[in-house]
Amino acid sequence: MSFLKNMTLIVLGALTGFVLLGGLGAALGLEFLTEFLTLEAASLVALWLAITAVITTYHEGKRAFPISHMVSFIGYPRSGKTTLITALFSEVFAQRILRGVNIIPRGAETIERVNEDIARLETGRELAPTTAQDLFSYRVEMLTGKTSLSRRYKIEIGDFPGEDSENLANKDAAWLHKTKYFQWALNADVFIFVIDLENLTDLGDDRAREYKSLLERSFRAAWQRIKEHHYDGARKLRNNPVILAFTKADLLLDSENSYRENSAASAGNAPGNYHRPVVLDSKERNRELSEKQESIEAYFRDIIQYLGSETSRFHVIFTSAFAKEKPDSVRFGIEELARSVLPK
Ligand SMILES: Nc1nc2c(ncn2[C@@H]2O[C@H](COP(=O)(O)OP(=O)(O)O)[C@@H](O)[C@H]2O)c(=O)[nH]1
Ligand SMILES: [Mg+2]
């Protein structure tokens with residue numbers, strides 16, 4: 001606001017100056033001054049000042065009024081959503097990703113939750129359950145760049161609540177859509193559909209087939225609901241990032257050379273050991289993982305093609321909170337996730 005006041009003062013000051021100079025010129029009989037200061041010249045200068053004011057106000061405004069950016073994680077209970085969000089924050093705060101971008105948690109709730117969960121993740125304890133509320137959203141502010149082109153974003157990351165241990169089989173595809181969280185998610189800018197690889201370690205068994213069928217039905221219906229919500233065309237969903245995030249990629253490596261403590265057979269749903277993550281620095285492990293990724297993508301071809309045809313910013317990302325590419329590198333897939341979900 002003070003900026004607007006300043007610009008108004010400058011424009012008024014310049015115009016007054018013109019009038020005074022013109023008057024002075026006339027009084028002193030300096031014709032060249034009065035002629036030069038014609039109405040045309042005055043309006044040209046006023047126009048130039050107005051344009052500068054508009055441009056500067058626009059840039060100032062971008063900094064002063066943060067741009068809202070809502071990110072919504074959509075997935076069934078126990079699929080690793082809270083862990084994924086926590087891993088994302090942990091990597092950002094450790095400056096292993098997005099260096100130079102300033103991310104500041106906002107509000108006691110977010111600060112407590114994030115720090116408590118990062119500590120739990122790093123010591124291999126279960127994360128605090130998300131049962132208490134109908135909806136939890138992490139609030140952070142993000143500052144990019146340092147020049148006058150810098151921007152301020154108010155980011156909300158919505159975490160789907162509901163941690164009940166109920167069997168997935170009891171959930172119908174519409175279960176997601178009936179929740180209060182989904183009502184919030186309808187207005188998001190970025191949509192992340194989460195698929196738990198724990199159910200997909202053997203693509204031949206019934207569990208995998210049922211899981212796939214449930215997910216495809218419910219994600220397709222979710223997307224259709226989101227589209228229907230924006231039916232008036234107020235928003236162009238084609239430009240919104242949509243991500244299919246596969247979690248727990250470490251569980252795909254259940255071969256001899258995989259780390260047993262994190263493998264499906266021994267750990268099941270127990271918290272993984274962050275201090276002894278699967279390290280993907282060998283050729284064999286990398287090859288094994290990319291082969292598995294390919295077959296998973298082929299398995300989900302229908303939903304991948306559907307979502308891929310709906311937006312120009314579709315990504316399939318494999319992630320793991322307990323795997324890294326090198327011993328001290330960023331957790332698996334988290335950098336790609338950060339790049340696709342945060343504003344550019
Ligand atoms: N092996 C493995 N387990 C994970 C990973 N991410 C989460 N989990 C486990 O999956 C369970 C559910 O995770 P949580 O984040 O609470 O799921 P949410 O209900 O979707 O929020 C927990 O026991 C986690 O320790 C992962 O990357 N690898
Ligand atoms: Mg959770």
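Helices (H or I, at least four residues) and strands (E, at least two) here are DSSP runs, numbered from the N terminus. The model is predicted, so keep that in mind as you work through these exercises.

**Exercise 1. Where is Q95 found, and what is its phi?**

Step 1: place the residue. Q95 is in the loop between α4 and β2 (102–105).
Step 2: look at the backbone. Its phi is positive, about 60 degrees, although Q95 is not a glycine.
Step 3: check the exposure. Q95 has a relative accessible area of 36%, so the residue is partly exposed.

**Exercise 2. K248 has a positive phi too: is K248 buried or exposed?**

Step 1: K248 is not a glycine either, and its phi is about 65 degrees.
Step 2: K248 lies in the loop between β6 and α9 (264–267).
Step 3: the cut-off for buried is under 20% relative accessible area. K248 comes in at 15%, so K248 counts as buried.

**Exercise 3. Get an overview of the chain: how many helices and strands are there?**

Step 1: count the elements. The protein chain has 12 helices and nine strands.
Step 2: look at burial. Of the 344 residues, 47% count as buried.
Step 3: look at the contacts. Take those with a separation of 6 or more: residues 24 or more positions apart account for 75% of them.
Step 4: turn to the surface. The accessible surface comes to about 17700 Å², and 57% of that belongs to carbon and sulfur atoms.

**Exercise 4. Which residues touch the most other members of the largest nonpolar core?**

Step 1: this core has 83 residues, and F193 and L244 touch the most other members.
Step 2: ask where the members come from. Helix α8 (residues 206–229) gives the largest share, eight residues.
Step 3: zoom in on F193. Leaving aside neighbours within four places in sequence, F193 is in contact with I74, F219, A222, W223, V242, I243, L244, A245 and L307.

**Exercise 5. Place S72 and say what surrounds it****.**

Step 1: S72 sits in strand β1 (residues 67–74).
Step 2: S72 has a relative accessible area of 0%, so this serine is buried.
Step 3: list the contacts, again without neighbours within four places in sequence. Those of S72 include G158, Y181, W184 and A185. A188, V190, F191 and I192 are also among them.

**Exercise 6. Which residues of helix α12 are buried, and what covers them?**

Step 1: in α12 (residues 334–341), the buried residues are I334, L337, A338, S340 and V341.
Step 2: a helix has 3.6 residues a turn, so residues three or four places apart point the same way. Try reading the list with that in mind.
Step 3: the cover includes β1, α4 (81–93), β5 (190–196), β6 (242–247) and β8 (314–318).

**Exercise 7. Sort two aromatic pairs by their geometry.**

Step 1: a search of the whole structure finds 10 aromatic pairs.
Step 2: start with F89 and Y138. Their ring centres are 5.5 Å apart and the planes are at 45 degrees, so this pair is tilted.
Step 3: place the partners. F89 lies in helix α4 and Y138 in strand β3, so the pair ties together parts 49 residues apart in sequence. Both F89 and Y138 are buried, and they form one aromatic cluster with F93 and F136.
Step 4: now F246 and F318. Here the centres are 4.7 Å apart and the planes at 10 degrees, so this pair is stacked.
Step 5: F246 is in strand β6 and F318 in strand β8, 72 residues apart, so to speak a link between distant parts of the chain. Both F246 and F318 are buried.

**Exercise 8. Which rings do the charged ends of K212 and R220 sit over?**

Step 1: the charged end of K212 sits over the ring of Y299, 5.4 Å from its centre.
Step 2: for R220 the ring is that of Y306, with the charged end 5.9 Å from its centre.

**Exercise 9. What does UniProt list for residues 39–58, and what does the model show there?**

Step 1: the unreviewed UniProt entry lists these residues as "transmembrane region".
Step 2: in the model, the span is 100% helix and 0% strand.
Step 3: the end C-alpha atoms of residues 39–58 lie 28 Å apart.

Methods. Residues numbered from 1 in each chain as written. Chains lettered and ligands numbered in written order. Predicted model: local features only at pLDDT ≥ 70, side-chain atom pairs only at ≥ 80, totals over all residues. Heavy atoms only, no water. Core = buried A, V, L, I, M, F, W, Y, C linked by side-chain atoms within 4.5 Å. Buried < 20%, exposed > 50% of the residue type's maximum accessible area, 1.4 Å probe, protein only. Contact = heavy atoms within 4.5 Å. UniProt positions renumbered as here; feature names shortened; annotations may be inferred. Phe/Tyr/Trp six-rings, centres within 6.5 Å; stacked < 30°, edge-to-face > 60°. Lys NZ or Arg CZ within 6 Å of the ring centre and 35° of its normal. Areas by Shrake-Rupley, 256 points an atom, 1.4 Å probe, with all protein chains shown as cover.
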